[in-house]
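Good morning, colleagues. I should like to take you through one sheet and one residue in the structure on the next slide.

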Amino acid sequence: MIKVLVKNNTIREEVITDLQATPLSIFNQKGIDISGSQVNLNGVILTSERFNSTFESLGVADGASVSLNSVVKADGANK
């Protein structure tokens with residue numbers, strides 16, 4: 001089992017899950033829409049191809065705590 005701290009611009013929640021879960025499954029479980037977002041796992045950007053990779057295949061060890069973030073940059077962020 002692993003502990004995932006799920007964060008976006010408005011939510012910060014902890015999820016306990018197994019290594020066979022995927023980042024996308026965690027976001028779906030929490031009702032977080034990641035379209036148009038930059039997603040990272042412990043600060044490493046995940047491409048859309050990796051959203052359905054298991055945490056185990058992403059290098060997360062059993063018993064670990066990880067941070068899974070979805071960040072949306074608003075139009076004003078570039079000004």
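Which residue in β2 does V4 stand opposite? It is V15. Please keep in mind throughout that this is a predicted model.

Let me place that pair in its setting. Strand β1 covers residues 2-7 and runs antiparallel to β2, to which six bridges join it. Between β1 and β2 there are four residues, and the two strands form a hairpin.

Now to the sheet as a whole. Five strands make up an open sheet with mixed pairing, in the order β2-β1-β5-β3-β4. The edges are held by β2, residues 12-17, and β4, residues 44-46; each has a single partner strand, so one side of each is left without a neighbour in the sheet. On average, neighbouring strands of this sheet are turned by 25° against each other, direction ignored.

At the β4 edge, the partner is β3, residues 38-41. Three bridges join β3 to β4, and the two run antiparallel. Here N40 stands opposite I45 in β4.

I turn next to S37, which is found in the loop between α1, residues 23-29, and β3. Is S37 buried or exposed? Its relative accessibility is 17%, and S37 therefore counts as buried, the cut-off being under 20%.

What, then, does S37 touch beyond its neighbours within four places in sequence? With those set aside, S37 is in contact with S70, V71 and V72. With S70 there is also a polar contact of 3.1 Å, joining the side chains of the two serines.

Thank you; I welcome your comments.

Methods:
Residues are numbered from 1 along each chain as its sequence is written. This is a predicted model: local features need pLDDT of at least 70, side-chain atom pairs count only at pLDDT 80 or more; totals for chains, interfaces and linings use all residues. Side-chain values use heavy atoms; hydrogens and water are left out. Two strands pair if DSSP finds at least two bridges between them. Axes are lines fitted to C-alpha atoms, for helices over the stretch in contact, and angles run from 0 to 180 degrees between N-to-C directions. Buried means under 20% relative accessible area, exposed over 50%, partly exposed in between (1.4 Å probe, protein chains only). A polar contact is a pair of N or O atoms within 3.5 Å; within protein, one must be able to donate a hydrogen and the other to accept it, and residues adjacent in sequence count only if both atoms are side-chain atoms. Contact means heavy atoms within 4.5 Å.
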